[in-house]
Structures are given as structure tokens and as C-alpha cells.
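Good morning, colleagues. Please take a moment with the sequence and the structure before I begin.

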Amino acid sequence: MSGKYLVTGGAGYVGSVVAQHLLEAGHEVVVLDNLSTGFREGVPAGATFIEGDIRDAAKWLDSSYGAVLHFAAFSQVGESVVKPEKYWDNNVAGTMALLGAMREAGVRKLVFSSTAATYGEPKEVPIVESAPTSPTNPYGATKLAVDHMITGEAAAHGLGAVSLRYFNVAGAYGEQGERHDPESHLIPLVLQVAQGRREAISVFGDDYPTPDGTCVRDYIHVADLADAHLLALKAATSGEHLICNLGNGEGFSVRQVIETVRQVTGHPIPEVAAPRRGGDPAVLVASAATAREKLGWNPSRADLAGIVADAWEFAQNIAREQ
């Protein structure tokens, strides 16, 4: 059954891929984005685009919308440390305004883009949703605050909500992929080295208690992630707030990612040793058992080489357009 959905932050990486999936499923999609970090060209063809801020969502939301999928957050961990007020204002105050607009318009379903950063440095892996939440930076703290806010909204006002806590999202889907500026994610950074846009890739720490000494992360293809959002729309139940981790349940080290990029692109990737970054856990791997049980979600694109190949094709296409 088709519906009409508002996608906040739909000009960004994950939001644009989810918007495309919604369109392909026959839904009407309205993208709301202020383009502070998103890109107009990232909005998929077929979606209605509104350039605006989530604080003003009441201008556009009405009862014709079946749900909101919320991606409009600042997400740079380092920036959040030096500009925490920017993150609290947009991520928390902005979401509070959005929830108020939804309440006023009678829109009672929400899928929220949360993050593994809510857990901080895990005591056990794979991480389950009942693990202690102890963010190590303001970005993770703002996302956790929003999760608490949503729980209260669901209990008090009948919102049906699902928070999806991502681990490392990568890959591309058609014309949608990573366009971050500045870029901070490992795979696109390594691909920039392959393209000759960057001389070498920095490896932050090679003395972690992992098989090759570098950090291990759980990578999920952005298209698998988008599938989870459509399933979450169906699972959202009035008065309940469901939280699900999204990951593949296995990790790849920084060095494994670099070697995979070498194999996929055929380019040598010089490495430069760099000191550890504060707050970087040695291993972050998700348990996605809840998502499998509650959403019926099963990622089908877990192959790291396939994820890198999709991202490489997208990066080359963008380079040709410039």
C-alpha cells in the first residue's frame, strides 16, 4: 500500500538512498533539507524537494503524511567536540520542533536515524540494544537524547517509532552515494587515494588488541540500510518505541579495508601511520538479532569487496561529472 512520506535530510547520503527506495516502492516522497550538509543533486528524481529547516516543519506537515523518516542531523564527531552547541541546537532542539509539528499535524509514525555512537566504548561485542549507553562525544550524546525524547513522545502521545542505530554505512546505490565535504569516512577516503586526490591514507593507531593492530568496524551496505527503514515503517506501532541495531555482525579492520580497495581499484594505496584518535574503540560490531526478529531484516550485501566496488563506481562517476 503506497503512502506519502516526509524525509528530513533527504539530500544527504543515507536519506537520499532511503528516499530512492521509497519511490521505487511506489510511495510519494517529499524531501525537506536545508542543504547545510546535503546536496541538491542528491535528491532522487521523482521526489518533491523543499529547501527548509526541520524547525519549520509545521509549515509543510499535515495529515496527508503517513510518516516521517528523520535524517536531518549534523554527524561529524570531531566537530561536535569543538562545537557542541551546534549539535544540541540542530539535533536535539530541531528534533523537538519536528516532533511538535508531527503531533500538531496528527502524523503518528517516525523512523529515526540513530547511531552506534550512543553506546560509546562497548564492554562486550557484538553490541546488543540492552548494552549500556555512554557516548564519548556530543554527537552520540545528542542522538541518545533524541532517543529518550522519542520514548517519551511514544508513551505520552501515541507515537509509533523505530530508532535504527547504524554502525559503519558504506557503498552506493545508483546515483546516490557519499558526497560529504569534508569527508571523514574510511572507504571514501581510501578511494580518494586511489583517484589521486589524496597522497596517502592515515592509519590512526596500529597497536590495538586486534589481529592486525588496527581498529575493527562493522560495515553495512547503504542499500541494506535503506531496506531496514522501509521495514521499520511497517513495524512502527502506536505507543511503542523500538530500537534496533543495524550491522552485519562481523567486522573488518582498517588494514583489511585498505587492502580490499587495492584489490578492487587496482591502485596502490600508500599508508601513513598516525597516533590513535581519542575515543576510538578497538572493535565495534553489532548484533542485528533484534532487527531480524522485529523487522524481518536480513542484509544481503555483506561482501566488503562488493560494498567497495559500488562506492568506487559512484566516486568515478562523480569525478567524471566535475
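Where does Leu35 lie? Leu35 is found in the loop between strand 2 and strand 3. Before I say more about that loop, I should state that what you see is a predicted model.

Leu35 has a positive phi of about 60 degrees, although this residue is not a glycine. With a relative accessible area of 25%, Leu35 is partly exposed. Ala47 is also placed in the loop between strand 2 (28-33) and strand 3 (48-51). Ala47, however, is buried, because its relative accessible area is 16%, and the cut-off for buried is under 20%. The C-alpha atom of Ala47 is separated by 7.5 Å from that of Ala19, and these two residues are 28 residues apart along the chain.

A second backbone feature concerns a proline. The peptide bond that runs from Val125 to Pro126 is cis, with omega near -5 degrees. Pro126 belongs to the loop between strand 5 (109-115) and helix 4.

Helix 4 brings me to the salt bridges. How many salt bridges does the structure hold? The count is 13, and I shall discuss some of them.

Let me begin with Glu153 and Arg103, whose side chains meet in a salt bridge at 2.8 Å, N to O. Glu153 lies in helix 4 (residues 138-157) and Arg103 in helix 3 (residues 84-105), so this pair ties together parts that are 50 residues apart in sequence. The two partners fall into separate exposure classes. Glu153 counts as buried, at 6% relative accessibility, whereas Arg103 is partly exposed, with a relative accessible area of 38%.

Helix 4 also supplies Asp147, whose side chain meets that of Arg165 in a salt bridge of 3.0 Å, N to O. This pair links distant parts of the chain, with Asp147 in helix 4 and Arg165 in strand 6 (residues 160-166), 18 residues apart. Are the two partners buried or exposed? Asp147 is buried, with a relative accessible area of 2%, and Arg165 is buried as well, at 3%.

The next salt bridge is formed by the side chains of Glu271 and Arg255, at 3.3 Å, N to O. Glu271 lies in strand 13 (residues 271-274) and Arg255 in helix 7 (residues 254-265), so the pair ties together parts that are 16 residues apart in sequence. Glu271 is partly exposed, with a relative accessible area of 32%, and Arg255 counts as partly exposed too, at 29% relative accessibility. Which residues are joined with Arg255 into one network? Salt bridges that share partners connect Arg255, Glu259, Arg262 and Glu271.

I turn now to the empty spaces in the model. There is one cavity of 30 Å³ or more. The largest cavity contains about 50 Å³ of space. Its lining is made up of Ala11, Gly12, Tyr13, Ser16, Thr37, Phe39, Gly42, Gly177, Arg179 and His180. By class, that lining has three nonpolar residues, six polar residues and one charged residue.

Arg179 appears again in the open spaces. The second largest pocket has 26 lining residues, and those that lie nearest its centre are Glu178, Arg179, Phe314, Ile318 and Gln322. Two elements give two or more residues to this lining, namely helix 5 (186-194) and helix 9 (304-321). Which element gives the most to the lining? Helix 9 does, with seven residues. The volume of this second largest pocket is about 560 Å³. Its lining residues divide into ten nonpolar, seven polar and nine charged.

My last topic is the surface. Val77, Val81 and Val82 form a nonpolar patch there, with about 260 Å² of accessible area together. Val81 has its place in helix 2, which covers residues 77-82. Why does Val81 count as exposed? Its relative accessibility is 51%, and exposed means over 50%, so Val81 falls into that class.

To close, I would ask you to return to two places in the predicted model. One is Arg179, which takes part in the lining of the largest cavity and lies among the residues nearest the centre of the second largest pocket. The other is helix 4, which holds Glu153, the partner of Arg103, and Asp147, the residue paired with Arg165. Thank you for your attention.

Key: Residues are numbered from 1 along each chain as its sequence is written. This is a predicted model: local features need pLDDT of at least 70, side-chain atom pairs count only at pLDDT 80 or more; totals for chains, interfaces and linings use all residues. Side-chain values use heavy atoms; hydrogens and water are left out. Patches are made of residues with over 30% relative accessible area and no salt bridge: like charges are joined within 9 Å, nonpolar side chains (Val, Leu, Ile, Met, Phe, Trp, Tyr) within 5 Å. Accessible areas come from the Shrake-Rupley method with a 1.4 Å probe; for residues, only the protein chains shown count as cover. A salt bridge is a side-chain nitrogen of Lys or Arg within 4 Å of a carboxyl oxygen of Asp or Glu. Helices (H or I, at least four residues) and strands (E, at least two) are DSSP runs, numbered from the N terminus. Buried means under 20% relative accessible area, exposed over 50%, partly exposed in between (1.4 Å probe, protein chains only). On a 1 Å grid over the protein atoms alone, a cavity is a set of points where a 1.4 Å probe fits but cannot get out, and a pocket is an open set with protein on both sides within 12 Å along at least five of seven lines; lining residues have an atom within 4 Å of a point. Grid points are joined across faces, edges and corners, and a volume is the space filled by probe spheres set on the points. Ala, Val, Leu, Ile, Met, Phe, Trp, Tyr, Cys and Pro count as nonpolar, Asp, Glu, Lys and Arg as charged, and the others, Gly among them, as polar.
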